[in-house]
Amino acid sequence: NMSLSEKIKSLPRNVQYGIGILFIGFLVWFSFKPKKVSAELATIHRGTLIQYVEEEGVSRVKEKFSILSPVNGVLQRVEKNAGDVVKKGEVVAVIDWDYKRQVLSPIAGKILLVQRESAGPIAMGNPIMDIGDTSKQEIVAEVLTQEAVRINAGNPVLLEGWGGNSLTGKVRLVEPEAFKKISSLGVEEQRVRVIVDFETPEHMGEGFKVLCKIETGRVDNRILAPSSAMFREGEEWAVYKVVNGKAKKTVLKVEIRSGAFASITEGLQENDEVILFPGEGIKEGSIVK
């Protein structure tokens, strides 16, 4: 019995060359054959895309009254405490002058802060307490000026992260004057205050921190592509679309981007499949599994 190599050697020289060429060709084809790559896919769908400006805000009472001593006199011990509910016209402090001078609450609300509770001499204009109606609050957010230019009165606002359910509100005012602020990283920034009206929940007090998602744009019934599938192709955005099981680089025309998605006007259709998180292993023509 002859081995395979001996059988090949016994063949005519031209046949041996042909077999060698075929073998080399097979090696070249195999080395350049697209490799199967594992990839996570997403199916393209239509939907609504909303653009937000996100910034932390703080709740504050709309109408806060600082109760000041109206005369020079002797303050009697203040019996009220922060959180106490008071009626309009209720006595909140008494000052001995040439007679007992009663200090009345100007509104119905809650005592927010008692600044002076101990008895003793007090000068006219010295603060005694702050009173406000905590059921009527607003949110103040300090927004970068380059983002504030996209915000207008009436824009819807989603309020989250305060400790309760998500709330909705509307921008009432973008203040006209910006101010300088140093960020936590020491960067000098120009910011402007945005005031948001909302229905105040029962358990929210003054000074609560809130995440404000201010809507600045909305498009409906658009083709939406996940941002995690998109990558830069020169000055444009692209994805790898899966066509007949293979990766095909596809340049997109992007309308707007917001968070996890972008709205697409050219390059993708509903029910197309795209590769999420395309890495270096994904190339044009890669076989996707």
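**Strands, cores and salt bridges in a predicted model**

A good place to start is a tight spot in the chain: the hairpin of S18 and S19 has 2 residues between its strands, and there glycine 234 takes a positive phi near 70°. The model described here is a predicted one. Strand S18 covers residues 231–233 and is joined to S19 by 3 bridges, with the two strands running antiparallel. One of the pairings sets glutamate 233 against glutamate 236 in S19.

Strand S19 (residues 236–243) has a partner in strand S20 (residues 246–258) as well, and 7 bridges join this antiparallel pair. Lysine 241 stands opposite lysine 248 in S20. The hairpin of S19 and S20 also has 2 residues between the strands, and here asparagine 244 adopts a positive phi near 50°. How many of the 8 residues of strand S19 are buried? The count is 6, so the strand is largely enclosed by the rest of the structure.

Two residues of S19 reappear in the surroundings of isoleucine 275, whose contacts beyond four places in sequence include Tyr240 and Val242. Isoleucine 275 belongs to strand S22 (residues 273–276). With a relative accessibility of 1%, isoleucine 275 counts as buried, because the cut-off for that class is under 20%. Its other contacts of this kind are Ala39, Glu40, Leu41, Ala229, Ala247, Ile282 and Val288. Proline 226 is 49 residues away from isoleucine 275 in sequence, while their C-alpha atoms are 9.7 Å apart in space.

Elsewhere, 4 strands form an open sheet in the order S8-S7-S5-S10, with antiparallel pairing. Strand S8 (100–104) and strand S10 (120–122) stand at the edges with a single partner strand each, so one side of each has no neighbour in the sheet. Ignoring direction, neighbouring strands of this sheet are turned by 40° against each other on average. Within the sheet, S5 and strand S7 (residues 91–96) pair in the antiparallel sense over 2 bridges. Leucine 75 faces isoleucine 95 of S7 across this pairing.

Valine 71 sits in the loop between strand S4 (64–68) and strand S5 (73–75). Is this loop residue buried or exposed? Valine 71 is buried, at a relative accessible area of 6%. Not counting residues up to four places away in sequence, valine 71 touches Ile95, Trp97, Arg101, Ile122, Ala123 and Met124. Valine 71 and aspartate 96 are separated by 25 residues in sequence and by 9.2 Å between their C-alpha atoms.

Attention now turns to the nonpolar cores. In soluble globular proteins, nonpolar side chains tend to be buried together. The largest nonpolar core has 19 residues, and Val143, Leu159 and Ile214 touch the most other members. Two or more residues each come from strand S12 (137–144), strand S13 (156–160), strand S14 (167–174), strand S16 (188–198) and strand S17 (209–226). S16 gives the largest share, 4 residues. A second, separate core of 16 residues includes Ile67, Leu75, Val92 and Ala93. Isoleucine 214, apart from its neighbours within four places in sequence, is in contact with residues including Val53, Val143, Ile151, Val171 and Val194.

Loop residues can also be enclosed, as threonine 134 shows: it is buried, with a relative accessible area of 16%. Threonine 134 lies in the loop between strand S11 (127–132) and S12. Its contacts beyond four places in sequence are Val61, Lys110, Leu112, Thr200 and Met204.

Charged side chains complete the picture. The whole structure holds 20 salt bridges. One of them joins glutamate 270 and arginine 46, at 3.7 Å from N to O. Glutamate 270 is in the loop between strand S21 (261–266) and S22, and arginine 46 is in strand S3 (residues 45–61), so the pair ties together parts that are 224 residues apart in sequence. Glutamate 270 is partly exposed at 42% relative accessibility, and arginine 46 is partly exposed at 38%.

A further salt bridge, at 3.9 Å from N to O, connects glutamate 56 and lysine 209. Since glutamate 56 lies in strand S3 and lysine 209 in strand S17, this pair ties together parts 153 residues apart in sequence. Here glutamate 56 is partly exposed, at 47%, whereas lysine 209 is exposed, at 51%. Arginine 222 and glutamate 255 also meet in a salt bridge, at 2.8 Å from N to O. This pair links strand S17, which holds arginine 222, with strand S20, which holds glutamate 255, 33 residues apart. Finally, salt bridges that share partners join Arg60, Lys62, Glu138, Arg172 and Asp197 into one network.

Terms used. Residues are numbered from 1 along each chain as its sequence is written. This is a predicted model: local features need pLDDT of at least 70, side-chain atom pairs count only at pLDDT 80 or more; totals for chains, interfaces and linings use all residues. Side-chain values use heavy atoms; hydrogens and water are left out. Buried means under 20% relative accessible area, exposed over 50%, partly exposed in between (1.4 Å probe, protein chains only). Contact means heavy atoms within 4.5 Å. Two strands pair if DSSP finds at least two bridges between them. Axes are lines fitted to C-alpha atoms, for helices over the stretch in contact, and angles run from 0 to 180 degrees between N-to-C directions. A nonpolar core is a set of buried Ala, Val, Leu, Ile, Met, Phe, Trp, Tyr and Cys residues joined through side-chain atoms within 4.5 Å. A salt bridge is a side-chain nitrogen of Lys or Arg within 4 Å of a carboxyl oxygen of Asp or Glu.
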